[in-house]
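These are my notebook entries on one structure. I record what I looked up, entry by entry.

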Amino acid sequence: MTLPLILIIAFQTAPAPDRRLMSYGETVRCAGLTQAASELEGGESREGKALSDAALYWSLTAGQAAVTAGKSAVTADSEQAQARIRATRELSAAATQLQARSDLDQCRRRTPDLG
């Protein structure tokens, strides 16, 4: 069986997923960014639903990373809330928005398709 040429090209040009392990801090950063972006976007649009899915994924992943890192549930919740607040400020402020959006895009590329 041969693949259609378009599929072969798609497989060759699609970026490889980033499979490296993330630190607890990076995971919490993605949780905060996706939660903040989801709140800022709202949940009615297609983009809002995708951000909500990403926020759920990263929140659960950060929770698992916290257990692995030996963090208490209270500490993990607090750190995730602080990351969300910081990300909301960064995504809303002109001076930090570009870097925050870049970081958010990277987190979203690492989010599996939950659909």
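**Entry 1: helix H4 and its packing.** I looked up what the buried residues of H4 rest against, and found that they pack against H2, H3 and H5. I note at once that the model is a predicted one. The buried residues of H4 are Ala-76, Gln-80, Ala-83, Ala-87, Glu-90 and Leu-91. Viewed down the helix axis, the buried residues of H4 fall within an arc of 90 degrees, so they line one face of the helix. I recalled the general reason: an α-helix has 3.6 residues a turn, so residues three or four places apart point the same way. On the other side of H4, I found Val-74, Asp-77, Arg-89 and Ser-92 exposed.

I then checked the length of H4. The helix has 20 residues, and its first and last C-alpha atoms are 28 Å apart, close to the 28 Å expected at 1.5 Å a residue.

**Entry 2: Arg-86.** I chose one further residue of helix H4, Arg-86. Its relative accessibility is 44%, so Arg-86 counts as partly exposed; the buried class requires a value under 20%, and the exposed class one over 50%. I also looked up its distance to Ala-36. The two residues are 50 places apart in sequence, yet their C-alpha atoms are 8.7 Å apart in space.

**Entry 3: helix H5.** Which residues of H5 are buried? I found Ala-100, Asp-103, Leu-104 and Cys-107. The cover over the buried residues of H5 includes H2, H3 and H4. For its length, I compared two values: the 16 residues of H5 should span 22 Å at 1.5 Å a residue, and the end C-alpha atoms are 23 Å apart, which agrees.

**Entry 4: the disulfide.** How many disulfides does a search of the whole structure find? The search finds one. Cys-30 and Cys-107 form this link, with their sulfur atoms 2.0 Å apart. Cys-30 lies in helix H2 and Cys-107 in helix H5, so the pair ties together parts that are 77 residues apart in sequence. The angle about the S-S bond is -80 degrees, and the link is left-handed. I asked whether the two cysteines are buried or exposed; both Cys-30 and Cys-107 are buried.

**Entry 5: the nonpolar core.** I turned to the largest nonpolar core, which holds 20 residues. Within this core, Tyr-24, Leu-33, Trp-58 and Leu-91 touch the most other members. The elements that give two or more residues to the core are helix H2 (24-41), helix H3 (46-68), helix H4 (73-92) and helix H5 (94-109). The greatest share comes from H2, with seven residues.

I followed Trp-58 in detail. Leaving aside residues up to four places away in sequence, Trp-58 touches Met-22, Thr-27, Cys-30, Ala-31, Thr-34, Cys-107, Arg-110 and Thr-111. Both cysteines of the disulfide, Cys-30 and Cys-107, are among the residues that Trp-58 touches.

**Entry 6: the chain as a whole.** Last, I looked up the overall values. The chain has five helices and zero strands, and along the sequence its pattern is α-α-α-α-α. Of its 115 residues, 29% are buried. Among contacts with a separation of 6 or more, 70% join residues 24 or more positions apart. The chain exposes about 7700 Å², of which carbon and sulfur atoms supply 57%.

Methods. Residues are numbered from 1 along each chain as its sequence is written. This is a predicted model: local features need pLDDT of at least 70, side-chain atom pairs count only at pLDDT 80 or more; totals for chains, interfaces and linings use all residues. Side-chain values use heavy atoms; hydrogens and water are left out. A nonpolar core is a set of buried Ala, Val, Leu, Ile, Met, Phe, Trp, Tyr and Cys residues joined through side-chain atoms within 4.5 Å. Buried means under 20% relative accessible area, exposed over 50%, partly exposed in between (1.4 Å probe, protein chains only). Helices (H or I, at least four residues) and strands (E, at least two) are DSSP runs, numbered from the N terminus. Contact means heavy atoms within 4.5 Å. A disulfide is a pair of cysteine sulfur atoms within 2.5 Å. The expected span of a helix is 1.5 Å times one less than its number of residues. The arc is that of the directions from the helix axis to the C-beta atoms. Accessible areas come from the Shrake-Rupley method with a 1.4 Å probe; for residues, only the protein chains shown count as cover.
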